[in-house]
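Student: I should like to go through this structure with you, question by question. Could we begin by displaying it?

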Amino acid sequence: MLKHKKGYTVTLMGLLFLHLTLFLPDLCVAQEDPEAKGLEIMQKLYEQISCRNWRSDVLMRLISRSGDVQTRHLKRLSKTDERDCEHYHLRYTSPPSVRNTTLLIIENKERSDDVWMYFPAIKKTRRLSGTNLQSSYMGTEFSYKDIKREKVDPQHNRYVYIGEEELNGLAHYIIDAYPVSKQEKSEQGYEYRRLWVRKDNYLATRINFYKQEGELLKTLVSSDMRPVGESGKFRYHQMLMTNVKGVKTELIFNMLRLDEEDPDDKYFTLNYLSQR
Amino acid sequence: MQGSNLIRVLRLATFVCVIISVTGCFLFADDDEFLALDDEGSRRVELHGKWRLSNFSYFQKNPNSEERNLIDNRLRINARFPIASHAAVASVEGLVRTWEPETKKNLDIRELYFDFRPDPQEYRVPYVSSLSLRAGYQIFSWGSGVLFNPTDNLSPQYSIDPFDTKKKGIPAAKLTLGFGLQSFECILIPTFFPTDLPYLNERFFIHRPKTVANTFLPALPVDTWTVRYKDIDSSQIPDHEIEESQFAFRYSAVLRGWDVALSYFNGRENIAVSALVPVTPYPATKDLDARVQYVHPRQQVYGLDILGYYKLLGIRFEGAFFDMEKVDQQVGNGDKDYVSCLWGIDYPFNDFYGTQDAQIFLEYVREFQRKSDNTILINRPYQNSLLVRLTHTYDYRLSGEFRYVYNFDTHGSHIHGEYGYQYTDYTRIEVGIDFFNGHRDTFFGAYDTNDRVYFMHTLQF
């Protein structure tokens, strides 16, 4: 009886061991906080997209629903200061209707960004609201916020790991980014965003933007990933933003350079805006 | 005498600035690294232009003009010659206005200047992060107000149609010192140029006043004269003399997310105030032949300009104190000291009806003056007025704007609406309307017969 009992005990122990061996890893993953994992992935994305400076020519194509295309060219220059605040200088070089219209964004840590736009037709520089960066950038499908890098900060967003999915034959993490407060939601202009982040290099391949009640507003798809010069970093050189109505804006980055000699501070001053 | 010496010194300084600018462009050449992003762009001469054809159709005949259709042809050529990090810029505009059968032509140098931008570190200028010296014909625009700028008094305008004006270039030297997001501008304008106003007996010419009371020659058996305007007397417009130099300073800074600017201008009011001068001694009959004398009083303008945002709400204030020179002519309020203030807010509406954007601007202008009479001053139409501007962007092609001005004192108003469609990268069409309302003796009411619709086609290259 004892032997019998012992045999039972051994069998039960064996089953328990087998069960733990087979399912413990899954239990561990399931118990991992999806927000912690989401944040960890996004922090790796942030490390990947951060750079000391960025220079590029940008070809912008505005594509209507009927397929008509308008082309614009601009120069993009940005610089990250010692406080990890990135400053942006974007100037249109063509077509004539927008030539020399220039945007200057000075990021701040403790308050909203300073944003100015120079309008050559009236020869005036106008301040824009630093909390209105969700509005359309010069009639494109990109908002001012979209043209800046993702600032991964739990004070602004909750990043929730959703799962994994294969996209274009590559494994991706899926992360949902929720603004933490009503004010953040108002400033970002979205209810939430869903990001597809590559597992191999943590670059975002696709971002869906959702309005209230989960209604899809627009989708950003990035492609043409290549190494950038001597920087050792990879970047997507093409981005296509499509809104739900089918209107598209495409950005193609040419002559992209990262982490070269820092550009002069004068490019990030109000004086320089109006000098063209 | 001391003032005259000061002006001589300032004029000499302008001359020296021009010489330094021109020679500096060649002597201190340095590649512009940002421009050099585009391998072809750094030394390429840029040549651009804009041709605009407008057709204004008026609903009514006008006492000044029997014609109802005005065709306006404008061609502007802009050229930019980069010389290392410096540049020479030229912009010339030709205008042909046709009121059948009459045609008027105007050629205007808008900009023609050298921009000399030395590296302050090279010259060991302490604390200065950027330095620029611009000398030649140039245009100035100051102020954060959207529809009106009390602090902006430097550039005269081509204002033959007061509701379709553009600024004119004037010869000047501007030195700008930048300290990060702060800057200090010094401007010297060695001569005076007035704003071009509507010609006598043209559609937008204001006959003021229609009648003159006889309060000073009681011996004459006339209570009031009915005025017949014969011509415009421009003899009071100052000559291009050294004594007519004008100068200005402006300091601007960013304080906790607010743009703040302090400014000072010492010069002449470029939009004339008018005085009535009889052609002959006051007659005993009821009809008085008179000419309009344009007067440009000297003024000192002390300005303050503040703009910031509270979340999405834009808040602005622009105010100026006008210390006016007293003139001998009868110009009503035209030579009295006053304060002009503008308070404004704006608010955006993003992504309504899908992805459309709109923005509303509300501004209120108020003038403060000890004693005022009912003189119509064409340089100050907004003495107690609400200004509204609503912009609408459907997409990158279609956008529109609506403006409304209402003067609480005179109950005069102006409504403007326009929609434009950018149908290619280089071409845009626009349609618009203007409605004027008010009593004939008020600024906007005086234009009551000038309600119009217009069509505009612009080609840019």
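The following exchange concerns a predicted model and takes up its nonpolar cores, its interface and one buried residue.

Student: Which helix gives the most residues to the largest nonpolar core?

Tutor: The largest nonpolar core holds 50 residues. Met42(A), Leu103(A), Tyr137(A), Ile175(A) and Val197(A) touch the most other members. With five residues, the element of chain A that gives the most to this core is helix α2 (residues 34-49).

Student: How many residues are in the other core that lies apart from it?

Tutor: That core includes Leu70(B), Ile206(B), Val405(B) and Phe436(B). It lies apart from the largest core, and its number of residues is 21.

Student: With which residues is Leu103(A) in contact, leaving aside its neighbours within four places in sequence?

Tutor: Leu103(A) is one of the residues that touch the most other members of the largest core. Beyond its sequence neighbours within four places, its contacts are Tyr88(A), His89(A), Leu90(A), Val115(A), Trp116(A), Met117(A), Leu128(A), Tyr137(A), Tyr144(A) and Ile147(A).

Student: What area do chain A and chain B bury between them?

Tutor: The contact joins 59 residues of chain A to 58 residues of chain B. Carbon and sulfur atoms carry 48% of the buried area, which totals about 4800 Å².

Student: How far apart are the closest N and O atoms in the salt bridge of Glu111(B) with Lys123(A)?

Tutor: Two salt bridges are counted between chain A and chain B. In the one formed by Lys123(A) and Glu111(B), the closest N and O atoms are separated by 3.0 Å.

Student: Which element gives the most to the side of chain A that touches chain B?

Tutor: Across the interface, 16 residue pairs are in polar contact. Elements giving two or more residues to the chain A side include β1 (53-63), β2 (69-80), β3 (86-94) and α3 (182-188). The residues of that side divide into 17 nonpolar, 20 polar and 22 charged. The element that gives the most, with six residues, is β2(A).

Student: Is Gln246(B) buried or exposed?

Tutor: Gln246(B) belongs to strand β12 (residues 246-255) of chain B. Beyond its neighbours within four places in sequence, its contacts include Ile187(B), Phe192(B), Phe265(B) and Arg298(B). Because its relative accessible area is 3%, under the 20% cut-off, Gln246(B) is buried.

Student: Which backbone oxygen does the side chain of Gln246(B) reach?

Tutor: Thr191(B) is among the residues in contact with Gln246(B). At 3.3 Å, the side chain of Gln246(B) reaches the backbone oxygen of Thr191(B).

Terms used:
Residues are numbered from 1 along each chain as its sequence is written. Chains are lettered from A and ligands numbered from 1 in the order in which they are written. This is a predicted model: local features need pLDDT of at least 70, side-chain atom pairs count only at pLDDT 80 or more; totals for chains, interfaces and linings use all residues. Side-chain values use heavy atoms; hydrogens and water are left out. A nonpolar core is a set of buried Ala, Val, Leu, Ile, Met, Phe, Trp, Tyr and Cys residues joined through side-chain atoms within 4.5 Å. Buried means under 20% relative accessible area, exposed over 50%, partly exposed in between (1.4 Å probe, protein chains only). Helices (H or I, at least four residues) and strands (E, at least two) are DSSP runs, numbered from the N terminus. Contact means heavy atoms within 4.5 Å. Buried area is the accessible area (1.4 Å probe) that two parts lose on being put together, summed over both. A salt bridge is a side-chain nitrogen of Lys or Arg within 4 Å of a carboxyl oxygen of Asp or Glu. A polar contact is a pair of N or O atoms within 3.5 Å; within protein, one must be able to donate a hydrogen and the other to accept it, and residues adjacent in sequence count only if both atoms are side-chain atoms. Ala, Val, Leu, Ile, Met, Phe, Trp, Tyr, Cys and Pro count as nonpolar, Asp, Glu, Lys and Arg as charged, and the others, Gly among them, as polar.
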